[in-house]
Each structure stands twice: as structure tokens, then as C-alpha cells.
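User: I would like to learn how to read a model of this kind, feature by feature. Please give the general idea each time, and then the case at hand.
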Amino acid sequence: GYNADVFNLNLSSWNLSNLGSMDRIFMYAGYNATTWNVGDLSKWNTSNVTSMGSAFKYAGVNATIWNIGDLSGWDTTKVDYMGNMFEGAGMNVGTFKDIGNLKISSGCYVGNFAGNSPKFRGNVTIYGSLTGDDSMFKYSDYSSTQYYGVTDSSSYANIYYANDDAKAVVESILSNKKSNQNIYNKGLRTE
């Protein structure tokens, strides 16, 4: 729960093959917990999921370590909504483990995807035009302000494109001053 000191579940073997929505699945889960563990979610079958909105929003904010595994193997081809997916996730953690490379399909809404998440670490590969990309990483850099008591930022994101449509999206994201903080590498990624 929200006020639990310990939030410890091993959900690595959850069967999500028939799940259509992951919306708010861990939203605010273990917000105040210093121990926050949901297991390695890398093997989850997300092939039928169409929405991941707010899935990890403000989850494990005060944890020592924030780790959900490497999401590179997640099938996100049907996902059209990733708004607020990692907003504020692990905001005050000591260590935010890299999520690997999350693929984002053409047409997906990504507003505030990792906004207000000063510790977010991972890669995203974009496969076409998106909506909400002007605020995808909004306020993920706290070096100049204090927000919710956060005084440092170790957010690190690499953003890649898979085609020319996606390249235009990446260039747009990088040109938007609210969204380009802490994006360190960009370029073509073929898989």
C-alpha cells in the first residue's frame, strides 16, 4: 500500500497474456516504502496490452533501490497509450536500475512518460510519430530547482529512432526545452 514501510511482491511470473490494460497497475504503490520490490518484470507477456498509462506513476518514491528488470523484451506493438507511465517513479531513490530498451510504437501517446522522474534511467526506441511527445520527459531534470524535496538528478535516458518518421519525433523532443533534459544519446537503432 501507499503508506507501507515495505512493499515486497514477486510478480515476475504473473501471466498477463490476456490483459488489455496495465493502466495504474502500480500507481502510488509503496509510495513511502523504503523497501520496494515487485520482482523482475522482464518476462511479462505484454503482447495484448494496449495501454500502460500511469503504470508506475509515483511508485516506490522513497525506496532505496527501484528495479523492475530489463523491459527490452516487452512486446509493445499494440500499446497506444504510455502517458505518465513512469511519472515520478522512484523520485527519491538511491538507485534507479535501468529499464533497458522500451519500444514505443507509432501513434502512441507519451505525454509525461517519465516526467517528474529525476532518477529515471533507460532507453526508448521510437517507431514512428507520437502524440504528447512535447512533454515526454518534462521536468525530469532537477538541477536548477527543488521539487518535492528532490535536490539531485541522476536521470539518464537514451532516445533512439527506428525510421525517418521517428527521427522527426526525436528531433522535436530534443528541441523542446521542457523535454530534453538528461537525454544523453540519440540516433538510429535497428533491431
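Analyst: Start with burial: a residue is buried under 20% relative accessible area, exposed over 50%, and partly exposed in between, using a 1.4 Å probe and protein chains only. Helices (H or I, at least four residues) and strands (E, at least two) are DSSP runs, numbered from the N terminus. Strand S6 is a case in point: five of its six residues are buried, so S6 is largely enclosed by the rest of the structure. This is a predicted model, in which local features need pLDDT of at least 70 and side-chain atom pairs count only at pLDDT 80 or more, while totals for chains, interfaces and linings use all residues. Residues are numbered from 1 along each chain as its sequence is written, and side-chain values use heavy atoms, with hydrogens and water left out.

User: In what order do the elements of the protein run from the N terminus on?

Analyst: The order is β-β-β-β-β-β-β-α-β, that is, one helix and eight strands. Of the 191 residues in the protein, 50% are buried. The exposed surface is about 8400 Å², with carbon and sulfur atoms supplying 44% of it; such areas come from the Shrake-Rupley method with a 1.4 Å probe, and for residues only the protein chains shown count as cover.

User: Which strands pair with S6, and in what sense?

Analyst: Two strands pair if DSSP finds at least two bridges between them. S6 (121-126) runs parallel to S7, and six bridges join the two. S5 and S6 also pair in the parallel sense, over four bridges. Particular partners can be read off: Asn101 is bridged to Asn123 in S6, Arg121 has Tyr156 of S7 as its bridge partner, and Thr125 stands opposite Tyr160 in S7.

User: Is S7 enclosed or open?

Analyst: S7 is largely enclosed by the rest of the structure, because five of its six residues are buried.

User: How many residues does the largest nonpolar core have?

Analyst: A nonpolar core is a set of buried Ala, Val, Leu, Ile, Met, Phe, Trp, Tyr and Cys residues joined through side-chain atoms within 4.5 Å. The largest one here has 48 residues, and Phe56, Phe86 and Phe113 have the most contacts inside it. Strands S5 (101-104), S6 (121-126) and S7 (156-161), together with helix H1 (164-175), are the elements that give two or more residues to this core. The largest share, four residues, comes from H1.

User: What does Phe56 touch?

Analyst: Contact means heavy atoms within 4.5 Å. Not counting residues up to four places away in sequence, Phe56 touches Phe26, Leu41, Trp66, Ile68, Trp74, Met85, Phe86, Glu87 and Ala89. Over the whole protein, residues 24 or more positions apart account for 76% of the contacts with a separation of 6 or more.

User: Why is Lys57 counted as buried?

Analyst: Lys57 has a relative accessible area of 17%, so it is buried. The residue is found in the loop between S2 and S3. Leaving aside neighbours within four places in sequence, Lys57 is in contact with Phe26, Met27, Tyr28, Asn84, Met85 and Glu87.

User: Which residues other than glycine have a positive phi?

Analyst: Two cases are Arg24, with phi near 60°, and Ser54, with phi of about 55°. Arg24 is in the loop between strand S1 (6-8) and strand S2 (35-37), and counts as exposed at 52% relative accessibility. Ser54 lies in the loop between S2 and strand S3 (65-66), and counts as buried at 12% relative accessibility.

User: What does the side chain of Ser72 do?

Analyst: A polar atom of the Ser72 side chain lies 2.9 Å from the backbone nitrogen of Asn101. Ser72 is found in the loop between S3 and strand S4 (95-96), and counts as partly exposed at 25% relative accessibility. Outside its neighbours within four places in sequence, Ser72 is in contact with Ile99, Gly100, Asn101 and Lys103.

User: Where is confidence lowest and where highest?

Analyst: pLDDT is the predictor's confidence in each residue, from 0 to 100. The protein averages 85, and 83% of the residues score at least 70. Confidence is lowest in strand S8 (residues 183-188), at a mean of 64, and highest in S5, at 96. Over residues 142-152 the pLDDT is below 50, and this stretch has 19 contacts in the model beyond near neighbours in sequence. Where pLDDT is low, the predicted coordinates should not be read in detail.

Definitions and conventions
A polar contact is a pair of N or O atoms within 3.5 Å; within protein, one must be able to donate a hydrogen and the other to accept it, and residues adjacent in sequence count only if both atoms are side-chain atoms.
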